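User: Please take a close look at one buried position in this chain. Set it against the chain as a whole, then contrast it with a site on the surface.

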Amino acid sequence: MQFHIVMCFCLMNIYTIAKRYKNQKQRDSAKMAEFCKMPEEMVVPILSRLLPKSLMRFKCIHKSWHSLIDSPQFISKHLHFHNNLSSSTTTLFKRPVMRRTDTENEEIVCSFLNLRNANDGDEDNLHYDIKDLEFPPAMGLKTRGQFIEIPNKCYHNCAYIIGHCDGIFCLTLYAASDLVLYNPAIKEFKFLAESCLQDKNIGSVGFGYDPKSADYILVSVVSYGEQYYNDDRLVIDPMRAEVYTMSTDCWREIKIHNLETETTFFWPRHFQVYFKGSCYWLAHEKRKEFITLYDRLEEYYIWEAIVCFDTANRIFHNILVPDCLYEFPMHDLDLTVWNDSIALFGFYRGGSRPFDIWVMDSFDDGHNSSWIKQLSVDIAKSPIPLALWESNEILLVFTHTQIALYSFVTEKFQYLPLYGASFFQAFPYVDSIVPVKM
């Protein structure tokens, strides 16, 4: 550990000297060559521990380091190191802010919350940093510093974060069709090509990584509405799906096998998380046809489910939720990654509202899925759960207008200086140098 700290100081000194030579126009190529004679097997482990901002500076020292830092092998190693940091975690929040008096439009702000242990074993000694995110003006959002203006109170679509994968966010701008990939650590973004499925009614988009082709993908499931017939029948139009790959910058239609049965279909209503080659949505199983409109009003959906998309094989699966949720379908739940597993967490809407965490123990193409209840606890003040921090069993919650941490161990709240209105989004985040422009 001390060796790596010393070497990082050495690298920072090299950067300082190189910068001084550049500013004074006295760069000595022989001296720079000496600096860069460090063996690659020594340089790579050290550089992979640095944050993206520092790495971008080191790229200007020498061509060999520029090539090294831009190489897929180094990018992967850097990502692997920062994905496995257990002492800290970062969450990105999107939140509405207080209304300004000089405009009729509301505003939102995105903030990074970094939580870290003090390494003294004290559960109460948890430190945090908060930093607001500023979007590049060229992205097209109407901003004032870190504040994003929302026209016509359109909270849902404005800078709506669809998902996060390896330091890259997929988000919309001011309309659901305006999709952008953005890596804030290297300030690089990319507008997505136009969809190949036109005239759709609504759609649900997921974002993840294809380990087979080593490519980042989006998958979109779309609906074309419904048809009314003279005999009062209501028939739901068939769903369609498409996949976008970042390397080709284009969409391609795919099959929707396993998203429908003879009489029903599974609608992936809300994308939740990408994990180990699969994208996960909370879903509803719905009937394809209703005898009358009133039947549809009485039974909007049959029950809740989970839709999973295998990014490598381009196959959908449907997953059963815990049995008790079918008996009492009144839960406000979300999916997340917790202790290296897919987990459901949230509150039961009836009665005392206990907070539950269910971990998926096994999954076999959606036909056989098993869940284990890991936690059930009553939390005072009935907060809205936002995210879990797996290393300390800390729950990030929204209480009235403020974000707080709740410890399952001490059963105490720790309030943070993060305020907002009723609509929040929260996503785990990792610093990376993964490019979005290929």
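**Serine 111 and its surroundings**

Analyst: The chain folds into eight helices and 29 strands. This is a predicted model. Of its 438 residues, 49% are buried. Its accessible surface is about 22,200 Å², and carbon and sulfur atoms account for 51% of that. Contacts also reach across the sequence. Of those between residues at least 6 apart, 55% link residues at least 24 apart.

Now the close-up. Serine 111 sits in strand S2, which covers residues 106-117. Serine 111 counts as buried because its relative accessibility is 0%, and the cut-off for buried is under 20%.

What does serine 111 touch, leaving aside its neighbours within four places in sequence? One group of contacts is Thr91, Leu92, Phe93 and Arg95. Another is Ile130, Lys131, Asp132 and Leu133. Leu418 is also in contact with serine 111. Phenylalanine 93 lies 18 residues away from serine 111 along the chain, yet their C-alpha atoms are 5.1 Å apart.

Lys131 leads from this buried site to the surface. Lys131 is in contact with serine 111, and it also belongs to a surface patch of positive charge. The other members of that patch are Lys53, Arg57 and Lys187.

Lysine 187 provides the contrast. It lies in the loop that joins strand S8 (179-183) to strand S9 (188-191). Its relative accessibility is 64%, so lysine 187 counts as exposed; the cut-off for exposed is over 50%. Serine 111, at 0%, is buried.

Definitions and conventions
Residues numbered from 1 in each chain as written. Predicted model: local features only at pLDDT ≥ 70, side-chain atom pairs only at ≥ 80, totals over all residues. Heavy atoms only, no water. Helix = DSSP H or I, 4+ residues; strand = E, 2+ residues; numbered from the N terminus. Buried < 20%, exposed > 50% of the residue type's maximum accessible area, 1.4 Å probe, protein only. Contact = heavy atoms within 4.5 Å. Areas by Shrake-Rupley, 256 points an atom, 1.4 Å probe, with all protein chains shown as cover. Patch = residues over 30% accessible without salt bridge, like charges linked within 9 Å, V, L, I, M, F, W, Y side chains within 5 Å. Salt bridge = Lys/Arg side-chain N within 4 Å of Asp/Glu carboxyl O. Lys, Arg positive; Asp, Glu negative; His and termini not counted. Charge placed at Lys NZ, Arg CZ, Asp CG, Glu CD.
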